[in-house]
Amino acid sequence: MGAGAKHRLVFVDRLLVTLVHLRHGTTHDVLACWFGVDRSTVTRAVGEVRPLLAERGCTVTPGIRLRTLAEVVDHLGASGGTGIIDGSEIRVRRPAVGRKDRDKFISGKSKQNAVKTMVVTDEDGRVLFCSPTKPGSCADITHARQLGLVKLLADGPAVEILADAGYQGMGAQTGGRVVTPPHRKFKKNAPGWYEEMYERQRKAHSSRRIRVEHGIAHLKNWRALARHLGRREHMSDTVQAVAGLLSHQQITDLTSAQQV
């Protein structure tokens, strides 16, 4: 008992090291210099604290956190709120030559090596959930189905979920609970009245759905999610850790504003 090297960083310092690394992308070498420890100590600290942060979930009210997609759906159903979903890509390093699954990280949208996460926010743009990551070639709707969203909505409470055109088809599978932009019935030579109605409906949907883009933008302010240079297998913990930290910051800012 007690054998092995001892930590030279107390837990508060290990937490601070991890937060600085995630927020600003500061390298382990620089952090080691700042805290006067070996680089391996910083690497070990980040590796230990990051999964702990990922397990915290997203704060929706003081003392209440959402950790799973099922909890998010139940929360929206109980509160009568509307959820907004969208996929977000994070650029990663290109896999090594000769790797069998090398091509699956290439995104069909950006044509770059990336991983993808599904983000859920409320109507105010507050982050409620970030999913584990998938390779960039995975379609948004496929990712949502693999996460079990269709079953949760079909069998769960009556919840409205706003989504973009990438999720068209889920509305029919969930009894209309996933609302996507209207289908365009006329591909060409559309009547003038139809064009006006279509644009009005599309803009009305977009103006409600835009909040999820604001939530994603706040996530991307964290350097670790702007472009990830570490190991791809750590991305799920990184995304979920940042989402939990951001949601806590958002609820704190909201509480402060209400008190003022």
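The following exchange explains how several descriptions of this predicted model are reached.

Author: In this predicted model, local features need pLDDT of at least 70 and side-chain atom pairs count only at pLDDT 80 or more, whereas totals for chains, interfaces and linings use all residues. Residues are numbered from 1 along each chain as its sequence is written, and side-chain values use heavy atoms, with hydrogens and water left out.

Reader: Why is lysine 111 called exposed?

Author: Exposed means over 50% relative accessible area, buried under 20%, and partly exposed in between, with a 1.4 Å probe and protein chains only; lysine 111 has 61% relative accessibility and therefore counts as exposed. Lysine 111 sits in the loop between β3 (82-91) and β4 (114-121), and its phi is near 60°, a positive value in a residue other than glycine.

Reader: How do you know that the span of helix α8 agrees with its number of residues?

Author: A helix is a DSSP run of H or I with at least four residues, numbered from the N terminus, and its expected span is 1.5 Å times one less than its number of residues. For the 29 residues of α8 (residues 192-220) this gives 42 Å, and because the end C-alpha atoms are 40 Å apart, the two agree.

Reader: What makes arginine 208 the place of a bend in α8?

Author: The bend is the angle between axes fitted to the seven residues ending at a residue and the seven starting there, and at arginine 208 this angle is about 35°. The buried residues of α8 include His205 and Arg209.

How values were computed. Helices (H or I, at least four residues) and strands (E, at least two) are DSSP runs, numbered from the N terminus.
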